[in-house]
Amino acid sequence: MRGGDNSVWAGPSEGAFLPRGVAREVAGAAVMEAREEKEAQVAAWLKKIFGDHPIPQYEVNPRTTEILYHLSERNKVRDRDVHLVIEDLKQKASEYESEAKHLQDLLMESVNFSPANLSSTGSRYLNALVDSAVALETKDTSLASFIPAVNDLTSDLFCTKSKNEEIKLELGKLEKNLTATLVLEKCLQEDLKKAELHLSTERAKVDNRLQNMDFLKAKSEEFRFGIKAAEEQLSARGMDASLSHQSLLALSEKLAELKRQTVPLKKKLESYLDLMPNPSLAQVKIEEAKRELDTIEAELTKKVDMMEL
């Protein structure tokens, strides 16, 4: 609590305000005292830990002092817990020894029996009995303790066998699944190899077709330029357009059409063959047809000859 601009409350014990500078000195002295106390505790703890051995060198600063102080506190807590556990075990050992002595005295008083009087075989049996009790974790070696322990052990054995059978069944299923998976993997690998082979073959075919396509394109361009040059050459020589390939194709189609049209006429003419013809008129018609046919054939032959040239 502040008493003014340059003073602080010193606490109820002092009952007065102290100047700010004095308060800082008091606080700093308290911090230094606490640090020196921690350093002293750390040094004592290290000396206890290492004993006669030399303490390793380390840099003494607030951080290392704080870390070692926390370690020493944890070590003290652990030592205290370990001491309590040791004391508890010592007390239990003392109780067990007292109980064993009581039982030994009871045997001596009742049947005058002592474990020291046992034969080697009897000692082995007694040790086996004790080891069995320890293994079964029974409180004593009576039948009332052994029978439930054996029953529990038998039950655990049956449970373990049942689990083993379940694990075997599951393992069998896993082996079958693994076998099926391996077979499937092998089939997939074979299919993959076939697919890769087929893909390689198809790729080769595609490459060949691309090469052929490039060749055909080149030839097509060559023929196109050749045709264009031939057309220009023929046009320069004054070739009639009717002698071109397209014109000849048109004439050929026209000739075929005329032949097709003459078929029904021939059939119609056959119906008149049975009649008595007029020899002079028929002769005239035949001559006209011959002349027309000769004219067409001569024209077609002329055009074909010119194309060959």
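**Two surface patches on a predicted chain**

The accessible surface of this chain comes to about 26600 Å², and 60% of that area belongs to carbon and sulfur atoms. I should say at the outset that we are looking at a predicted model. Of the 309 residues in the chain, 7% are buried, and if we take the contacts with a separation of 6 or more, 27% of them are accounted for by residues 24 or more positions apart.

As for the secondary structure, the chain has six helices and three strands, and reading along the sequence we meet them in the pattern β-β-β-α-α-α-α-α-α.

Let me turn now to the surface itself, beginning with charge. Which residues gather in a patch of negative charge on the surface? They are Glu33, Glu36, Glu37 and Glu39. Taking one of these, glutamate 37 lies in helix H1, which spans residues 20-50. Glutamate 37 has a relative accessible area of 47% and is therefore partly exposed, a value that also passes the cut-off of over 30% that patch residues have to meet.

The other patch I would like to show is nonpolar: Leu126, Leu129, Val130 and Val134 together make a surface patch of about 310 Å². Here I would pick out valine 130, whose place is in helix H3, residues 120-136. Is valine 130 buried, partly exposed or exposed? Its relative accessibility is 39%, so valine 130 counts as partly exposed, because that class lies between the limit of under 20% for buried and the limit of over 50% for exposed.

Conventions
Residues are numbered from 1 along each chain as its sequence is written. This is a predicted model: local features need pLDDT of at least 70, side-chain atom pairs count only at pLDDT 80 or more; totals for chains, interfaces and linings use all residues. Side-chain values use heavy atoms; hydrogens and water are left out. Patches are made of residues with over 30% relative accessible area and no salt bridge: like charges are joined within 9 Å, nonpolar side chains (Val, Leu, Ile, Met, Phe, Trp, Tyr) within 5 Å. Accessible areas come from the Shrake-Rupley method with a 1.4 Å probe; for residues, only the protein chains shown count as cover. A salt bridge is a side-chain nitrogen of Lys or Arg within 4 Å of a carboxyl oxygen of Asp or Glu. Lys and Arg count as positive and Asp and Glu as negative; His and the chain ends are not counted. The place of a charge is taken as NZ of Lys, CZ of Arg, CG of Asp or CD of Glu. Helices (H or I, at least four residues) and strands (E, at least two) are DSSP runs, numbered from the N terminus. Buried means under 20% relative accessible area, exposed over 50%, partly exposed in between (1.4 Å probe, protein chains only). Contact means heavy atoms within 4.5 Å.
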